[in-house]
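Biologist: I'm new to this structure and would love a close look at a single part of it. Could you pick one sheet, walk me through how its strands pair, and then show me what lies around it?

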Amino acid sequence: MKKLFTILLFIILGFSLTSCINFKTKEKEGTSDIENFNQIEINNEYKVNLPKYMRKTSTLNDEASLQYQNVFKETYVIVIDEPKEEFVDVFKELDQYNDEYSLVENYRDVQMQLFAESMNIESETTPASMQVNGLDAEMVEIDGKVEGIEDKITYFLTFIEGDEKVYMIMAWTMQNRKDTYRMDFENITKSFALIN
């Protein structure tokens with residue numbers, strides 16, 4: 001009887017400790033406090049603040065100049081950059097450049113078309129014009145399904161026009177976690193700045 005009581009006591013303690021650990025983990029998933037971010041500089045060209053819980057990787061996109069993730073929190077961010085002049089020349093040559101739009105709006109439209117080809121977009125916000133540290137930018141949020149992935153994904157896309165390049169900041173997570181990490185992704189975007 002004493003042995004059974006001891007075993008039950010250990011099981012109850014185990015469940016208690018596990019539930020406390022899970023509670024603390026869930027409580028600290030997203031963070032909007034700036035002290036929980038690290039500033040990262042890329043190629044002496046731009047800098048951005050990233051949550052300390054994200055780690056550098058090279059497996060998300062071959063064309064990205066920045067790639068960070070946390071596979072346990074299912075949070076990912078990349079930055080893709082392209083020379084402005086090259087982008088304009090190519091898309092004018094293809095007769096796909098709209099002279100009535102700004103360069104960053106054209107870049108947004110091209111990238112959104114590529115998104116539509118690679119995923120089933122279920123909802124998309126109206127593009128919002130903004131300034132990111134003095135740079136013209138456009139922001140869009142997309143919910144959708146990607147082939148081969150069971151859960152729906154939310155993408156937070158920001159397109160930024162720099163002096164010589166255009167940039168796309170793409171952050172994403174599972175749709176059911178988007179509200180948890182929204183502020184983190186917004187802080188990433190707001191922190192983007194060119195290094196002069």
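**A sheet and its surroundings**

Modeller: Happily! Let's start with two strands, β1 and β2 (residues 46-51), which run antiparallel and are joined by 6 bridges. Please keep in mind as we go that this is a predicted model. To find one of the pairings by eye, look for I40, whose bridge partner in β2 is V48.

These two strands belong to an open sheet of 3 strands, in the order β1-β2-β11, with antiparallel pairing. At its edges are β1 (37-42) and β11 (193-194), each of which pairs on one side only. Helix α4 packs on this sheet and touches β1, β2 and β11, and its direction makes about 165° with that of β2.

Now follow α4 itself, which covers residues 178-191 and includes D179. D179 is exposed because its relative accessible area is 60%, and the cut-off for that word is over 50%. The C-alpha atoms of D179 and T154 are separated by 9.9 Å, and these two residues are 25 apart along the chain.

From here we can turn to the nonpolar interior. The largest nonpolar core has 27 residues, and those with the most contacts inside it are I142, Y155, L157, F159 and M170. The elements giving two or more residues to this core are β5 (75-83), α2 (84-93), α3 (103-118), β8 (135-145), β9 (153-161) and β10 (165-174). Helix α3 gives the largest share of this core, with 6 residues.

L157 is a good residue to zoom in on. Leaving aside neighbours within four places in sequence, L157 is in contact with M112, F115, E138, M139, V140, I142, M168, I169 and M170. Apart from the largest core lies another core, of 25 residues, and I42, A137, Y181 and F192 are among its members.

One more stop is the hairpin of β7 and β8. Strand β7 (residues 128-132) pairs with β8 in the antiparallel sense over 5 bridges. Here A128 stands opposite M139 in β8. The hairpin has 2 residues between its strands, and N133 takes a positive phi near 50°. As you rotate the view, it helps to remember that in a regular strand the side chains alternate between the two faces of the sheet.

Conventions:
Residues are numbered from 1 along each chain as its sequence is written. This is a predicted model: local features need pLDDT of at least 70, side-chain atom pairs count only at pLDDT 80 or more; totals for chains, interfaces and linings use all residues. Side-chain values use heavy atoms; hydrogens and water are left out. Helices (H or I, at least four residues) and strands (E, at least two) are DSSP runs, numbered from the N terminus. Buried means under 20% relative accessible area, exposed over 50%, partly exposed in between (1.4 Å probe, protein chains only). A nonpolar core is a set of buried Ala, Val, Leu, Ile, Met, Phe, Trp, Tyr and Cys residues joined through side-chain atoms within 4.5 Å. Contact means heavy atoms within 4.5 Å. Two strands pair if DSSP finds at least two bridges between them. Axes are lines fitted to C-alpha atoms, for helices over the stretch in contact, and angles run from 0 to 180 degrees between N-to-C directions.
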